[in-house]
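Please find below a short note for a colleague, set out as numbered points. It should be read with the structure open alongside.

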Amino acid sequence: MDHEAEVMSVVDRRAKQSMTPGQRIRIWAFGAVAFLVMLYLLRGVLLPFVAGMAIAYFLDPLADRLEKAGLSRILATTVITLVFFSLFGVLLFLLIPVLEQQVITFVQRLPSYVATLNERARPILLEFYSHLSAEEIEKLQNSVGAYAGTVAGWGLDLIKGVLTGGIAMLSILSLLFITPVVTFYLLRDWDRMVATIDGWLPRHRAELIRFELKEIDRTLAGFVRGQATVCITLAVFYGAGLTITGLDLGLMIGIGTGLGAFVPYVGMLIGLIASVGLAIAQGAEWHLLGGVAVVFAIGNMLEGNFLTPKLVGDRVGLHPVWIIFSLLAGGALFGFLGILLAVPVAAVIGVLTRFGLDSYLKSSLYHGGEDS
């Protein structure tokens with residue numbers, strides 16, 4: 001046994017001595033490429049596992065708190081998993097009939113909405129066209145038609161990619177039954193998995209990698225946990241507020257506005273435009289338009305002055321444009337799975353980019369002398 005340990009020690013020393021920095025980089029690059037290829041090939045079956053991992057990451061701090069309070073890890077995991085998915089199921093059970101009824105009502109009233117918008121827009125368009133020549137009007141119409149077709153085609157392709165790459169190719173039963181199981185086991189073994197992965201880190205770079213991983217965790221915690229709480233709170237507020245104002249599809253638009261707040265200002269802006277347009281189509285009564293304006297004014301103040309500073313703060317470090325790009329790119333490449341992975345990948349790339357830039361600014365490549 002001692003002889004085998006001695007042999008392994010000699011082999012390890014020779015491996016360390018013979019491996020150059022360039023070889024290490026090639027090994028890591030090969031591993032990263034192999035991981036991405038595997039992710040792409042298995043994208044059709046990974047959705048419930050990625051969803052379970054995301055939920056487990058979201059709930060891990062709560063499990064740690066219950067464990068510190070005296071519960072065993074298994075008991076804390078069981079309680080949290082049951083409560084979380086029970087609440088989620090009850091929420092869906094209550095919301096789906098209401099949303100379905102709002103959609104049916106909207107479809108029934110859609111012809112009258114179109115007629116109302118057409119009637120209100122005609123005088124404005126006639127006044128605008130009166131200042132243009134026939135040639136300019138024709139050119140404008142052709143340009144608008146071409147751009148509208150391009151945007152519509154791009155949007156349909158994106159939606160098609162999201163659906164075919166994600167939910168459409170997975171059974172709904174897999175999300176209903178596999179995700180809770182994955183969540184339970186990952187949440188139960190989370191700390192053990194973290195310790196195991198820590199043991200795999202290269203020893204000569206372990207401290208540096210741990211520091212960067214903590215930065216990634218800080219970024220993800222601020223966005224996934226903090227921003228998710230902000231989004232849920234805003235979804236409840238906007239959904240209730242727009243419904244009380246009497247806006248058709250108010251609950252659906254409100255929930256979409258709140259959940260879209262993961263990209264600052266974008267969700268609110270889209271929700272505001274949709275709400276105002278629908279309020280005008282409903283007849284443009286002053287109390288309806290005023291109610292929409294009050295709801296969004298309060299929601300914006302609530303988000304900007306209370307929710308985001310308290311729950312997210314300055315921990316995220318992800319620019320809204322970078323988040324939008326990552327979501328669109330993830331949806332186009334991997335479907336719904338890519339949307340779930342977009343923010344974690346964006347956080348990792350952001351942290352690694354800042355690390356690389358900091359290393360560059362301290363290097364001889366930047367200063368022109370010896371490395372500092």
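**Note on helix packing and two buried side chains**

1. Helices H8 and H13 lie oblique to each other, because their packing angle is about 135 degrees and an angle between 115 and 145 degrees is neither roughly perpendicular nor roughly antiparallel. The model is a predicted one. The axes of H8 (residues 206–244) and H13 (residues 336–361) are 9 Å apart, and the crossing of the two helices is right-handed.

2. The residues that form this contact can be named on both sides. H8 contributes Leu 208, Glu 212, Glu 215, Ile 216, Thr 219, Leu 220 and Phe 223. From H13 come Val 343, Pro 344, Ala 347, Val 348, Val 351, Arg 354 and Phe 355. Sorted by class, the contact of H8 with H13 holds ten nonpolar residues, three charged and one polar.

3. H8 also carries Gln 227. Is Gln 227 buried or exposed? With a relative accessible area of 6%, Gln 227 is buried, because the cut-off for burial is under 20%. A polar atom of the Gln 227 side chain lies 2.7 Å from the backbone oxygen of Ala 261. Setting aside residues up to four places away in sequence, Gln 227 touches Gly 222, Ala 261, Phe 262 and Val 312. Ala 261 thus appears both in the list of contacts and as the owner of the backbone oxygen.

4. A second buried residue deserves attention in helix H6 (residues 172–188), where Thr 179 is found. Thr 179 has a relative accessibility of 4% and therefore counts as buried. Which backbone oxygen does the side chain of Thr 179 reach? The partner is the backbone oxygen of Pro 48, at 3.4 Å. When neighbours within four places in sequence are left aside, the contacts of Thr 179 are Pro 48, Ala 51, Gly 52, Ile 55, Phe 85 and Ser 174.

5. These local details belong to a chain with 14 helices and zero strands. Along the sequence, the pattern is accordingly written as α-α-α-α-α-α-α-α-α-α-α-α-α-α. The chain has 372 residues, and buried residues make up 28% of them.

6. The contact statistics of the chain complete the description. Among contacts with a separation of 6 or more, 74% are between residues 24 or more positions apart. The contact of Thr 179 with Pro 48 and the meeting of H8 residues with H13 residues may be examined in the model with that figure in mind.

Methods. Residues numbered from 1 in each chain as written. Predicted model: local features only at pLDDT ≥ 70, side-chain atom pairs only at ≥ 80, totals over all residues. Heavy atoms only, no water. Helix = DSSP H or I, 4+ residues; strand = E, 2+ residues; numbered from the N terminus. Buried < 20%, exposed > 50% of the residue type's maximum accessible area, 1.4 Å probe, protein only. Polar contact = N/O pair within 3.5 Å; in protein donor to acceptor, adjacent residues only side chain to side chain. Contact = heavy atoms within 4.5 Å. Axes fitted to C-alpha atoms, helices over the stretch in contact; angles between N-to-C directions. Parallel < 35°, antiparallel > 145°, perpendicular 65-115°, else oblique. Left-handed = near helix turned anticlockwise from the far one by under 90°. Nonpolar A, V, L, I, M, F, W, Y, C, P; charged D, E, K, R; others polar.
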